[in-house]
Amino acid sequence: MPFIEALRQLYFTVGQDNFCLIHVSLIPVLGVVGEQKTKPTQHSVRELRALGLTPHFLACRSAQPLLENTKQKLSQFCHVPVANILNIHDVPNIWHIPLLLQNQNAHDAILKQMDLMSVAKPVNLREWTKRAETFDNLTKSVRIAMVGKYVGLTDSYLSVVKALLHACTACSFKPSIDWIAASDLEDDSAQSAPEAYATAWKTLRGAACVLVPGGFGDRGVKGMILAAKYARENNVPYLGICLGMQISVIEFARSVLRLEKANSEEFDPQTPDLVVIFMPEGSKTHMGSTMRLGSRKTLFQTPDCIMSKLYNNSKHVDERHRHRYEVNPEVVSTLEEAGLRFVGRDETGKRMEILELPGHPFYVGVQFHPEYKSRPGRPSAPFLGLIMAATGQLEAHDKTQQNGSI
């Protein structure tokens, strides 16, 4: 087991005082009598010790709080002090977990194990506590249509889901995500899977906003284009991330510029109307290390745009990237003449980073991945804009920013 061996080597390298091993285990409950069973945890700890690793803490997941006799039994048979047995039981929302651990003095116990008490600062979770309690009391929700190709594996979009949670909470709403397989929106599905097709379109039309996240490959692209077109034509707030931005460019070129064959080089390299191209500096023969990665600077071309205001009237923003394809700079002027605006570009001015559609409540595409920097209490600007637009709060925010308030 390479992972276990890596932990052992780390232990030997940094020494006991610089190593803290927390073993996470599930405490099942015997349904008939409600008894909390410790045997599985005992066995897993025994296996771990046999491999040369002794846990300093047990983090025990359970539906209900651990009983005192359960903790005593775990301490006795796992050779872990009772004070180092942490219970992570079910809570109303995940933001209660740090508060749960604080109430068990987990922070002090871990600091003592690492001999860091002398440099530790006082814990201040007042803002975190308020956030957890606020979410518990939210009664309204906003429906978000997530149109992608990996919706059967929703963890593929976990960072996007968390960013939506942060933005919705900031707007005093709970997120209600409607997962739509992009391929179910396509015309072919009307024949091959009519029920799925009807359900997908009913769900899309019932959502307050539409989000098309990143992805690779051509599966579901037609459905994403249809979703972008629906949002654009019906004034439904839309956010396209990475591939989702490229989709909105393809749709606009086809529907507005009447370039029926407009496409991405990723999906149709032979099309005469390439509106999305492979990055010039990339290699088409070696897939490894060919993506544009990491935090990159995007310069706003004008302060008079939605995204500049959402980023607190910043002149530039640094966001993380992960892509091989980009908007073809040769068609940018034609797209802008037809109404699309590329309000954010890279430092060369040739790479399109942010697009908006004037006159639309919120039609935004970003080449970067803003979800990567979203945090509780600091929601990502594009996600916040999407949810504000979907809940009728964006216009007031824009006016506030126009007046110079932050």
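**Strands, cores and selected residues of the predicted model**

Ile144 stands opposite Cys209, a residue of strand β8. In this predicted model, that pair belongs to a parallel arrangement in which 3 bridges join strand β6, covering residues 141-148, to β8. Strand β8 is joined by another 3 bridges to strand β9, residues 238-241, and these two strands likewise run parallel; here Leu211 is the residue that stands opposite Leu239 in β9. The connection from β8 to β9 involves helix α10, residues 221-233, and the three elements together make a right-handed β-α-β unit. Strand β8 itself, which spans residues 209-212, is covered on both faces, since Cys209 and Leu211 on one side and Val210 and Val212 on the other are all buried.

Val210 reappears in the description of the nonpolar interior. The largest nonpolar core holds 43 residues, and the members that touch the most others are Val147, Leu204, Val210 and Phe342. When neighbours within four places in sequence are left aside, Val147 is in contact with Leu204, Val210, Leu211, Val212 and Pro213, and also with Ile180, Ala182, Leu185, Met224 and Ala227. A second core, separate from this one, consists of 40 residues, among them Val151, Tyr311, Ile354 and Ala389.

Another group of strands is found earlier in the chain, where 3 strands form an open sheet in the order β1-β4-β5 with parallel pairing. The edges of this sheet are β1 (22-26) and β5 (85-89), each of which pairs on one side only, and the twist from one strand to the next averages 25°. Strand β4, residues 57-62, pairs with β5 in the parallel sense over 5 bridges, and Arg61 is the residue that stands opposite Ile88 in β5.

Strand β5 also contains Asn87. Asn87 counts as buried because its relative accessibility is 4%, which lies under the 20% limit for that class. The side chain of Asn87 is joined to that of Ser62 by a polar contact of 3.0 Å. Apart from residues up to four places away in sequence, Asn87 touches Cys60, Ser62, Gln64, Pro65 and Leu66, together with Leu100 and Gln104.

The surroundings of Glu127, which is placed in helix α6 (residues 126-136), are of another kind. Glu127 is exposed, because its relative accessible area is 56% and the class begins over 50%. The side chains of Glu127 and Arg131 are joined by a polar contact of 2.9 Å. Between the C-alpha atoms of Glu127 and Leu394, which are 267 residues apart along the chain, the separation is 24 Å.

Two loop residues have backbone angles that deserve mention. Arg258, found in the loop between α11 (243-255) and β10 (263-264), has a phi near 65°, a positive value in a residue other than glycine. With a relative accessible area of 65%, Arg258 is exposed. Asn312 is found in the loop between α12 (306-310) and β13 (316-323), and its phi, near 60°, is again a positive value in a residue other than glycine. Asn312 is partly exposed, with a relative accessible area of 38%, a value that falls between the limits of 20% for buried and 50% for exposed residues.

Key. Residues are numbered from 1 along each chain as its sequence is written. This is a predicted model: local features need pLDDT of at least 70, side-chain atom pairs count only at pLDDT 80 or more; totals for chains, interfaces and linings use all residues. Side-chain values use heavy atoms; hydrogens and water are left out. Two strands pair if DSSP finds at least two bridges between them. Helices (H or I, at least four residues) and strands (E, at least two) are DSSP runs, numbered from the N terminus. Axes are lines fitted to C-alpha atoms, for helices over the stretch in contact, and angles run from 0 to 180 degrees between N-to-C directions. Buried means under 20% relative accessible area, exposed over 50%, partly exposed in between (1.4 Å probe, protein chains only). A crossover is right-handed if, with the strands pointing away from the viewer, the path from the first strand over the helix to the second runs clockwise. A polar contact is a pair of N or O atoms within 3.5 Å; within protein, one must be able to donate a hydrogen and the other to accept it, and residues adjacent in sequence count only if both atoms are side-chain atoms. Contact means heavy atoms within 4.5 Å. A nonpolar core is a set of buried Ala, Val, Leu, Ile, Met, Phe, Trp, Tyr and Cys residues joined through side-chain atoms within 4.5 Å.
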